[in-house]
Amino acid sequence: MYDDILLPTDGSAGMEAVIDHAGRLAAEHGARVHALYVVDTASLSDLPVEGGFDGVSRQLNTEGERALDDVDDRLEVPVERTLTDGSPAREIVAYATEEGCDVVVMGTHGRTGVDRLILGSVAERVVRSSPVPVLTVRVSPD
């Protein structure tokens, strides 16, 4: 049923539960996990950074590699790593479509009210626009 599982990660606290869930699903189905980290360059476009964007970019890429390392370290199934940049929801849906993923397993912080309105929800946007099923796992920060 599942051969390719997309696991977007943001490296945040609590992602372990999401990674573990994707790993169990992959092991049960003999699937490969596609670990994806999207550097959110869409939110950086308004930052007034003079001459320092390269440093910010390097830092964000380092954080992305660290998040992908966490996935590699936790899983005992084949993992394909991808680090890209752009709008996270858009890049997640594009990756799932282009790579022929069967399901997206991603975390949701469960924000409500004003936090949800201000910060938005990447998971919600992916659920609404993904052509493949999306399984959300509640992330509880530790």
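**Figure 1. E1 and E2, side by side in the sheet.** E1 and E2 run parallel and pair over 5 bridges. This is a predicted model, so treat every close-up here as a look at a prediction. Within the pairing, Asp4 stands opposite Arg32 in E2. Zoom out a little and the open sheet comes into view: 5 strands, ordered E3-E2-E1-E4-E5, with parallel pairing. E3 and E5 (134-138) sit at the edges, each pairing on one side only. Ignoring direction, neighbouring strands in this sheet are turned by 25 degrees against each other on average. Helix H5 (residues 122-129) packs on the sheet, where H5 touches E4 and E5. The direction of H5 makes about 155 degrees with that of E4.

**Figure 2. His34, tucked into strand E2.** The strand that holds His34 spans residues 32-40. Is His34 buried or exposed? With a relative accessibility of 1%, His34 counts as buried, since the cut-off for that label is under 20%. The His34 side chain still finds a polar partner: a contact of 2.8 Å joins it to the side chain of Asp4. Setting aside neighbours within four places in sequence, the residues in contact with His34 include Asp4, Ile5, Leu6 and Leu7. Glu80, Tyr95 and Cys101 are also among the contacts of His34.

**Figure 3. Asp3, just ahead of the first strand.** Asp3 belongs to the segment before E1. Which residues does Asp3 touch, not counting those up to four places away in sequence? They are Ala31, Arg32 and Asp102. There is a long-range neighbour to look for here too: Asp3 and Val103 are 100 residues apart in sequence, yet their C-alpha atoms are 9.0 Å apart in space.

**Figure 4. The largest nonpolar core.** This core has 24 residues, and the ones that touch the most other members are Ile5, Leu7, Val18 and Val105. Strand E1 (4-8), H1, E2, helix H2 (53-74) and strand E4 (103-108) each supply at least two of its residues. H1 gives the largest share, with 6 residues. As a general backdrop, nonpolar side chains in soluble globular proteins tend to be buried together. Val105 is a handy place to centre the view: leaving out residues up to four places away in sequence, Val105 touches Ile5, Leu6, Leu7, Pro8 and Val18, among others. The list for Val105 also includes His21, Ala22 and Leu25, along with Leu135 and Val137. Apart from this core lies another one of 14 residues, and Leu36, Ala89, Tyr95 and Cys101 are among them.

**Figure 5. Arg32 and Glu80, a bridge between strands.** The structure holds 7 salt bridges, and one of them joins the side chains of Arg32 and Glu80 at 3.3 Å, N to O. Arg32 sits in strand E2 and Glu80 in strand E3 (residues 79-86), so this pair ties together parts that are 48 residues apart in sequence. In general, side chains of opposite charge can pair when their charged atoms come close. How accessible are the two partners? Arg32 counts as partly exposed at 35% relative accessibility, and Glu80 counts as partly exposed at 28%.

**Figure 6. Arg81 and its acidic partners.** The Arg81 side chain meets that of Asp69 in a salt bridge of 2.8 Å, N to O. Arg81 is in strand E3 and Asp69 in helix H2, and the pair links distant parts of the chain, 12 residues apart. The side chain of Asp72 also meets that of Arg81 in a salt bridge, at 2.8 Å, N to O. Which residues end up in one network through salt bridges that share partners? Glu65, Asp69, Asp72 and Arg81 do. On accessibility, Arg81 is partly exposed with a relative accessible area of 29%. Asp69 counts as partly exposed at 34%, and Asp72 counts as partly exposed at 31%.

**Figure 7. Ala27, out on helix H1.** Helix H1 covers residues 15-29 and contains Ala27. Ala27 is exposed, with a relative accessible area of 53%. For a landmark across the chain, try Pro78: Ala27 and Pro78 are 51 residues apart in sequence, and 9.4 Å separates them in space, C-alpha to C-alpha.

Note on methods
Residues are numbered from 1 along each chain as its sequence is written. This is a predicted model: local features need pLDDT of at least 70, side-chain atom pairs count only at pLDDT 80 or more; totals for chains, interfaces and linings use all residues. Side-chain values use heavy atoms; hydrogens and water are left out. Helices (H or I, at least four residues) and strands (E, at least two) are DSSP runs, numbered from the N terminus. Buried means under 20% relative accessible area, exposed over 50%, partly exposed in between (1.4 Å probe, protein chains only). A polar contact is a pair of N or O atoms within 3.5 Å; within protein, one must be able to donate a hydrogen and the other to accept it, and residues adjacent in sequence count only if both atoms are side-chain atoms. Contact means heavy atoms within 4.5 Å. A nonpolar core is a set of buried Ala, Val, Leu, Ile, Met, Phe, Trp, Tyr and Cys residues joined through side-chain atoms within 4.5 Å. A salt bridge is a side-chain nitrogen of Lys or Arg within 4 Å of a carboxyl oxygen of Asp or Glu. Two strands pair if DSSP finds at least two bridges between them. Axes are lines fitted to C-alpha atoms, for helices over the stretch in contact, and angles run from 0 to 180 degrees between N-to-C directions.
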